[in-house]
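Let's take a walk through this fold together, starting in the middle and working outwards. Have the model open and turn it as you read.

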Amino acid sequence: MLKFRHFPNCWKTARVLPILKPRKDSTHPVSYRPISLLPTLSKLGEKLILNRYLAHATKLRLPIPQQFGFTPQLSTTHQLLRVVEHINEGKNSNLATAAIFLDISKAFDKVWIEGLIHKLIAYKFPQYIIEIIQPYLTNRHFTVLAKNSDSTPRKLQAGVPQGGILDPIIFVLYMNPTGQKYYDQPLRR
């Protein structure tokens with residue numbers, strides 16, 4: 001896979017299981033949470049790619065230190081504690097503190113693949129990493145399990161595959177600012 005920069009097509013079809021949300025009407029499609037299952041070999045391939053990706057990302061100090069979600073050894077709880085600390089510092093210094101929170105609906109589904117590849121190039125990731133991530137992300141399909149039968153495969157037009165181990169990490173890269181050294185600047189009130 002890594003030698004030929006090829007991610008097999010048979011590893012790129014997700015099987016989506018619709019799970020009914022609690023206390024929702026089963027006759028409405030929006031009442032279901034889609035759970036995406038990927039082939040086991042796909043996940044093993046992702047792990048190989050992830051190890052190489054992380055080695056390079058660490059050298060580049062990616063993602064920015066303010067990113068806590070989907071970051072090894074950090075969590076959104078750590079970020080919350082950080083925000084509370086800044087609020088308390090501002091309060092103790094008689095400063096006003098403002099915050100803006102953004103929640104992107106279906107964020108993984110909206111990733112522009114060409115833009116993500118451009119970011120890999122802009123960050124100067126090794127060519128072999130770019131050449132394996134691109135086929136990993138493109139020409140993906142899914143089927144939906146309904147009434148004990150799979151639907152016909154449908155092609156995904158955008159987004160990173162859900163259910164994999166690589167996807168949250170490359171999503172963070174996609175959302176990471178480029179062109180400026182944000183992580184070298186102190187936070188300002």
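**Starting from helix α4**

Pick out α4 to begin with: its buried residues are Ile129, Ile130, Ile132, Ile133, Pro135, Tyr136 and Leu137. Keep in mind as you look that this is a predicted model. What do the buried residues of α4 pack against? Their partners are α1, α3 and α5. That gives us a route to follow, one helix at a time.

Take α1 before the others. This helix covers residues 40–59, while α4 covers 127–137, and the two pack at an angle of about 140 degrees with their axes 11 Å apart. An angle over 145 degrees would count as roughly antiparallel, so at about 140 degrees the pair α1 and α4 is classed as oblique. The crossing of α1 past α4 is left-handed. On the α1 side, the residues to show as sticks are Glu46, Ile49, Arg52, Tyr53 and His56, and they meet Tyr128, Ile129, Ile132, Ile133 and Tyr136 in α4. Sorted by class, this contact of α1 with α4 has seven nonpolar, one polar and two charged residues.

Now swing over to where α1 packs with α5. Here the angle is about 40 degrees, and the axes are 10 Å apart. Roughly parallel would take an angle under 35 degrees, so α1 is oblique to α5 as well. From α1 the contact draws on Glu46, Leu50, Tyr53 and Leu54, and from α5 it draws on Asp167, Ile169, Ile170 and Leu173. In terms of class, the contact of α1 with α5 has six nonpolar, no polar and two charged residues. If Glu46 and Tyr53 ring a bell, that's fair: both also appear in the contact of α1 with α4.

**Into the core**

With the helix pairs in view, look at what sits between them. In soluble globular proteins, nonpolar side chains tend to be buried together. Here the largest nonpolar core has 29 residues, and those touching the most other members are Tyr53, Leu120, Phe125, Ile133, Leu137, Ile170 and Leu173. Which elements give two or more residues to this core? They are α1, α3 (113–122), α4 and α5 (167–175). The largest share, six residues, comes from α4.

Leu120 is a handy residue to centre on. Setting aside neighbours within four places in sequence, Leu120 is in contact with Tyr53, Phe125, Ile130, Ile133 and Leu173. Helix α3 has another face to show you, too. His118 lies in α3, and this residue is exposed, with a relative accessible area of 54%. Follow His118 across to Tyr174: the two are 56 residues apart along the chain, yet their C-alpha atoms are separated by 9.5 Å.

**Stepping back**

Zoom out and the rest of the chain comes into view. There are five helices and five strands, and from the N terminus on they run β-β-α-α-α-α-β-β-β-α. The C-alpha atoms fill a box of roughly 60 × 50 × 25 Å along the principal axes. Of the 189 residues, 31% are buried. Among contacts between residues at least 6 apart in sequence, 69% join residues at least 24 apart.

**A few backbone oddities**

Finish with the loops. Most residues other than glycine have a negative phi, and most peptide bonds are trans. Against that background, a few spots deserve a click.

Between β1 (13–20) and β2 (32–37), the loop holds Arg23. This non-glycine residue has a positive phi of about 55 degrees, and at 82% relative accessibility Arg23 counts as exposed. Lys147, in the loop between β3 (141–146) and β4 (149–150), also has a positive phi of about 55 degrees without being a glycine. Lys147 is exposed as well, with a relative accessible area of 85%. Back where we started, Asn139 comes just after α4 and takes a positive phi of about 55 degrees.

The last stop is a peptide bond. Leu62 and Pro63 are joined by a cis peptide bond, with omega at about -5 degrees. You'll find Pro63 in the loop between α1 and α2 (76–92).

Key
Residues numbered from 1 in each chain as written. Predicted model: local features only at pLDDT ≥ 70, side-chain atom pairs only at ≥ 80, totals over all residues. Heavy atoms only, no water. Axes fitted to C-alpha atoms, helices over the stretch in contact; angles between N-to-C directions. Helix = DSSP H or I, 4+ residues; strand = E, 2+ residues; numbered from the N terminus. Parallel < 35°, antiparallel > 145°, perpendicular 65-115°, else oblique. Left-handed = near helix turned anticlockwise from the far one by under 90°. Contact = heavy atoms within 4.5 Å. Nonpolar A, V, L, I, M, F, W, Y, C, P; charged D, E, K, R; others polar. Core = buried A, V, L, I, M, F, W, Y, C linked by side-chain atoms within 4.5 Å. Buried < 20%, exposed > 50% of the residue type's maximum accessible area, 1.4 Å probe, protein only.
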